[in-house]
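Student: I'd like a close look at one part of this protein, with the neighbouring pieces explained as we go. Could you walk me through it?

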Amino acid sequence: MEDGGKGGSALVAVEDTSEPQIDMKMDIAVFLCQACLLPLKPLIFKCEAAGHIVCSYCRGGHGDTCSRMDTRCGELDAFLEAAKVRCPYREFGCDRYVVYHGAAEHQRACPCAPCSCPEASCALVDSPSALLCHFAAAHSRLAVTVRYGRSCNLSLPLSQRWHAIVGEEDKSVFLVCLFALGAVATTVSLVCVRADDAAAPQFVCKVSVEHSGDDKDKVVLMASIASSALTGGTPAPGQGMFLAVPQELLSGDKLALIIRIDRLRPAYAVSLAESTSWTVTKQIDSLVILFWKYQNCGTLF
């Protein structure tokens with residue numbers, strides 16, 4: 001589907017079934033601006049010279065080459081707001097119908113958009129919620145439920161490269177990914193299982209590891225959580241932020257973590273995407289532990 005790319009609300013209304021509905025086929029050209037060939041969205045105008053139908057974005061430029069665009073098409077506005085198309089991810093659980101000019105936006109953000117199973121030998125592609133059931137049934141990986149804004153203690157087997165977490169409030173799915181960093185450390189990263197991996201972060205996390213004792217050691221990662229459709233399996237450490245946990249902080253064959261996930265408000269998400277910097281917090285045996293420093297984002301934790 002094509003995206004108009006001209007702003008407008010990201011929210012798309014769910015199909016209103018209070019009035020009688022019909023299914024029909026129409027030429028897609030009816031829904032396209034005749035100047036930019038992108039989906040029409042109100043306000044729509046028509047030129048008097050040739051009857052061209054254009055969007056408000058193209059109105060000024062088309063008037064310079066054809067004729068003035070002073071005629072509003074209120075009836076076409078109403079038609080385009082009433083004509084809806086089915087989400088292409090119906091087979092993955094989405095039963096929504098959306099207006100055509102909002103279809104591309106919905107498709108990017110659809111919670112049923114398919115993602116891949118992170119297990120290297122598994123080719124399953126399904127919605128994130130369905131993947132949770134698959135993790136348990138096919139790979140014996142039960143997801144841990146967490147509440148946003150609260151710390152959760154986890155004890156993760158180092159023999160498994162990934163572990164599933166699900167947010168209690170909105171059922172968002174996360175993976176904790178573990179990788180060996182040579183013989184000196186184990187890396188820990190967190191990713192949100194979501195098809196729109198180019199979207200601004202929706203969550204931030206705080207991951208910490210403590211080694212009990214008189215002189216307590218602690219390593220901490222504070223970072224935004226990137227999204228991934230897991231097309232290539234679990235993301236490698238070089239693909240994003242990670243916490244490097246020295247071997248001396250491991251508990252035998254398990255890794256004891258404290259994880260906290262917070263949902264970002266929209267303004268924070270934009271600010272976080274635009275202003276981050278690296279800060280060194282601690283050095284243990286020449287191993288540098290890094291975390292994100294939030295700038296102009298207020299207090300997140």
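Student: Is Thr234 buried or exposed, and what is its relative accessible area?

Tutor: Keep in mind that we're looking at a predicted model. Thr234 is buried, with a relative accessible area of 10%. The cut-off for buried is under 20%, so Thr234 at 10% falls on the buried side. You'll find Thr234 in the loop between β15 and β16.

What does Thr234 touch? Leaving aside its neighbours within four places in sequence, Thr234 is in contact with Pro118, Arg161, Trp162, Leu175, Cys177 and Phe179. Hang on to that last name, Phe179, as it leads us to a strand: Phe179 stands opposite Thr187 in β12.

So let's look at β12, which covers residues 185-193. Of its 9 residues, 9 are buried, so β12 is largely enclosed by the rest of the structure. You can check this face by face. Ala185, Thr187, Ser189, Val191 and Val193 are buried on one side, and Thr186, Val188, Leu190 and Cys192 are buried on the other, so that both faces are covered.

Now for the strands that pair with β12. β11 and β12 run antiparallel and are joined by 8 bridges. These two strands form a hairpin with 3 residues between them, and there Gly182 takes a positive phi near 65 degrees.

Remember that the loop holding Thr234 sits between β15 and β16? Both of those strands pair with β12 too. With β16 (residues 243-246), β12 pairs in the antiparallel sense over 4 bridges; look for Thr186, whose bridge partner in β16 is Val245. With β15 (residues 226-228), the pairing is in the parallel sense, over 3 bridges. There, Val191 stands opposite Ala226.

Next, let's turn to the charged side chains. A search of the whole structure finds 6 salt bridges. One of them joins Glu119 and Arg141, with the closest N and O atoms 3.7 Å apart. Glu119 lies in the loop between β6 (115-116) and β7 (125-126), while Arg141 is in the loop between α4 (128-139) and β8 (144-146), so this pair ties together parts that are 22 residues apart in sequence. The two partners aren't equally covered: Glu119 is partly exposed, with a relative accessible area of 24%, whereas Arg141 is buried, at 13%.

Another salt bridge links Arg147 with Glu168, and its closest N and O atoms are 3.7 Å apart. Arg147 is in the loop between β8 and β9 (151-157), and Glu168 is in the loop between β10 (162-167) and β11 (173-181), so the pair ties together parts that are 21 residues apart in sequence. Here both partners are partly exposed: Arg147 has a relative accessible area of 37%, and Glu168 has 38%. This pair also belongs to something wider, as Arg147, Glu168 and Glu169 are linked in a network of salt bridges.

One more to find on the model: the side chains of Arg260 and Asp262 meet in a salt bridge, at 2.7 Å from N to O. Asp262 counts as buried, at 13% relative accessibility.

To trace the path again, start at Thr234 in its loop, step across to its contact Phe179, and from Phe179 go over to Thr187 in β12.

Methods: Residues are numbered from 1 along each chain as its sequence is written. This is a predicted model: local features need pLDDT of at least 70, side-chain atom pairs count only at pLDDT 80 or more; totals for chains, interfaces and linings use all residues. Side-chain values use heavy atoms; hydrogens and water are left out. A salt bridge is a side-chain nitrogen of Lys or Arg within 4 Å of a carboxyl oxygen of Asp or Glu. Buried means under 20% relative accessible area, exposed over 50%, partly exposed in between (1.4 Å probe, protein chains only). Two strands pair if DSSP finds at least two bridges between them. Contact means heavy atoms within 4.5 Å.
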